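Let's walk through how two protein chains meet. Have a look at the structure first, and then we'll go through the contact surface step by step.

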Amino acid sequence: MSNGAGKILLDVRGLCASVAGVPILKGIDFTVRAGEVHAIMGPNGSGKSTFSKVLAGHPSYEVTGGTAVFDGVDLLELSAEERARSGFFLSFQYPVEVPGVANAQFLRLAYNTVLGGRGRDELDPLEFDDFVREKMKLLEMDPAFLDRSVNTGFSGGEKKRNEILQMALLEPKLAFLDETDSGLDIDALRIVAQGVNHLRSADNAVVLVTHYQRLLNYIVPDFVHVMDGGRLVKTGGRELALELEARGYDWIGKQAA
Amino acid sequence: MDVTKISREFLDALLSGAAPVPTEGLVALRSHALERANALSVPTTRDEEWRFTDLAPLYRLALRKPVDEVPMPSADVIAAWIAPEVPTRLVFVDGRFSPSLSAVPTAGSTPGLTVTTLAAAMASGDAAVQAHVGKLASVDDDLFAAVNTAWLRDGVFVRAGRGAAGRTIHCLFVATQADVVQHPRILVVAEDGAEVALVEDYVSLQEGAYCVNAVVEVAVGANARVRHVKVQRDSAKAFHLATTSVSVQRDGFYSNLAVTFGGRISRNNIHIRQDGTGTEFELDGLAFIDGRSLADTHSFVDHAHAHGRSRQLHKCVVAGGAHAVFNGRILVREGAQKTDSTQENRSILLSDKAHVDTKPQLEIFADDVKCAHGATVGQLEAEEVFYLMTRGLSEGTARNLLTYGFAADVVNRIPIASIVKSLAARLLEHTGGQEIA
């Protein structure tokens, strides 16, 4: 549980963004300190996924206003790969399939690029194999997934585990998990949540972007935010999530209006 | 000089010396082929089947006719192309069989399997040769098949019976001299219930221009299974013309996986005919080309009976000023009910000058069938590039990795590990090398 004393990792002020000229984010203020877990909830189309993608540097979104400072650096000035190297991680709602590229090759390349850039020794295929197998145990993943093509033919749950495996390998300071609970059965949800909890520390932070509060039973947030119409319209503790579960999102809009 | 004159001289040179000596085998077939070849004219872009592929650079080449004696390279020199897990191998050098470089099982050593040269099979009077050779690859309207057949003296002969399950035969065609034309010929007869795999592999020890003009005939019996892999890694200046003609009997299976790295111009005709109900075909193709290469694949899947299934995936990766052509014809004849056929053609262009012509051609004359086809031409998906960049990869590395994967997806389907490894290394050379390894 956060005591509100951690270092500020992410400070977003008045962030506005549009896609193909259509405004999606309309002035977001959002602060995350080290050691915290935040949940961003909201109805479909409220802008939750867009917020994650804008912060990760998706080229289709144009930032039209506001600032985002990540660990003291202007995040919006960095390319997507620089954001990843500096410790920002996005777990995708729909992880991309890369046929023809073995998962092990991809994971090792990502690890060596990101951790190598932070001064860690690069690992050759054999060293990496030992290393990644340990991490896979955390997520109860079959090592056979190393030889398969990246996400290709993986079930929804397997893709999400593979995302959290990447989080485990890349050791981000801040991880946005976009709808990580979607497509997971209850056992997979528990395993993925345990994995995320295991990776939490006083120095990093997690932002859960989710439609349902189910995941929050396993990864307990310090703060719950409601996004609607491209803005964060309400912030509370974890009890807000339970209220949303019981009452839906409609009352918030009315209250905010 | 007049184009017609050039092409006539080219054809005359190509056929000079082809006339069969009466003591040789297959005289009637070869004489007929020679007659047809003389009667036909060389294709130009005015022919619908050659619209996108202009062979004029080939016609300007002064080719030497096939030679009887060629200096054989040492085993060390071709070692890089030997697949250790495939013990049965026939090696041809500039079109001539090399007994010393080959590893052919002695007659009778494997029950139900005959692997030998066509010359030896003819000499031994194997009835399967007479029964099948020239029956699948028609010489009547295909000039290059006619020229190949006119020169037919030798080649590969495989006859598999029911007992010969799972054997793979590696046919390696090595070009060692510039300006030589070779006419490779392969006949595979898989009898009812037999299972056999063929790897057809074209390599070069030199960088000059030469011409390969190949004909492969595969007769797949009832319930028989034939897997056919073709790897074409000729020199960048080479011309490669090939016709593969396949007939599949009731409940038979045939797969064709063809990888081409181009050459100056390559043309791969694949013609698969259903000769009974319940057959299954799989076609996978990859053209991975750069520079000035033109790689043309013309496939023709002929569903002539009911309950046939076919799946086709053809991919092109086109860089530099290269040009890929794909014409995928699928014919579902009247009465070929319950045909289930899919065709997918995906191409990636890596430069502004790269070019693809793709033409799916579905002709359906039966009313109870499932046929799906799709063709995409473009750059890499932005979403895929972004995904990899969020994992720290630079845009260039991400693009290289995706390009590699796009191509490796086909190469990885080859069931021979050493060949996959060697081709993957070649893909890597063009996609950033160690940067993504």
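**Where chain A meets chain B**

Keep in mind that this is a predicted model. Start with the salt bridges: across the interface of chain A and chain B, the rule turns up 1. The partners are B:Arg391 and A:Glu163, and their closest N and O atoms sit 2.6 Å apart. Polar contacts add to the picture, with 8 residue pairs found across the interface of chain A and chain B.

Which parts of chain A do the touching? Helix 1 (48-56), helix 2 (80-85), strand 6 (88-91), strand 7 (98-102), helix 3 (103-117) and helix 5 (156-170) each put in at least two residues. Helix 3 of chain A gives the largest share, 7 residues. Sort the touching side of chain A by class and you get 17 nonpolar, 8 polar and 6 charged residues.

Now for the extent of it. In terms of contacts, 31 residues of chain A meet 24 residues of chain B. Together the two chains bury about 2200 Å², and 65% of that is on carbon and sulfur atoms. On chain A's side, A:Phe92, A:Val96 and A:Leu109 account for 23% of the area buried against chain B, more than any other three residues.

Finally, come back to helix 5 of chain A. Of its 15 residues, 13 are buried, so this helix is largely enclosed by the rest of the structure. Its length checks out too: at 1.5 Å a residue it should span 21 Å, and its end C-alpha atoms are indeed 21 Å apart. Right after helix 5 of chain A comes A:Glu171, with a positive phi near 45°.

Technical notes
Residues numbered from 1 in each chain as written. Chains lettered and ligands numbered in written order. Predicted model: local features only at pLDDT ≥ 70, side-chain atom pairs only at ≥ 80, totals over all residues. Heavy atoms only, no water. Contact = heavy atoms within 4.5 Å. Buried area = accessible area lost by both parts, 1.4 Å probe. Salt bridge = Lys/Arg side-chain N within 4 Å of Asp/Glu carboxyl O. Polar contact = N/O pair within 3.5 Å; in protein donor to acceptor, adjacent residues only side chain to side chain. Helix = DSSP H or I, 4+ residues; strand = E, 2+ residues; numbered from the N terminus. Nonpolar A, V, L, I, M, F, W, Y, C, P; charged D, E, K, R; others polar. Expected span 1.5 Å × (residues − 1). Buried < 20%, exposed > 50% of the residue type's maximum accessible area, 1.4 Å probe, protein only.
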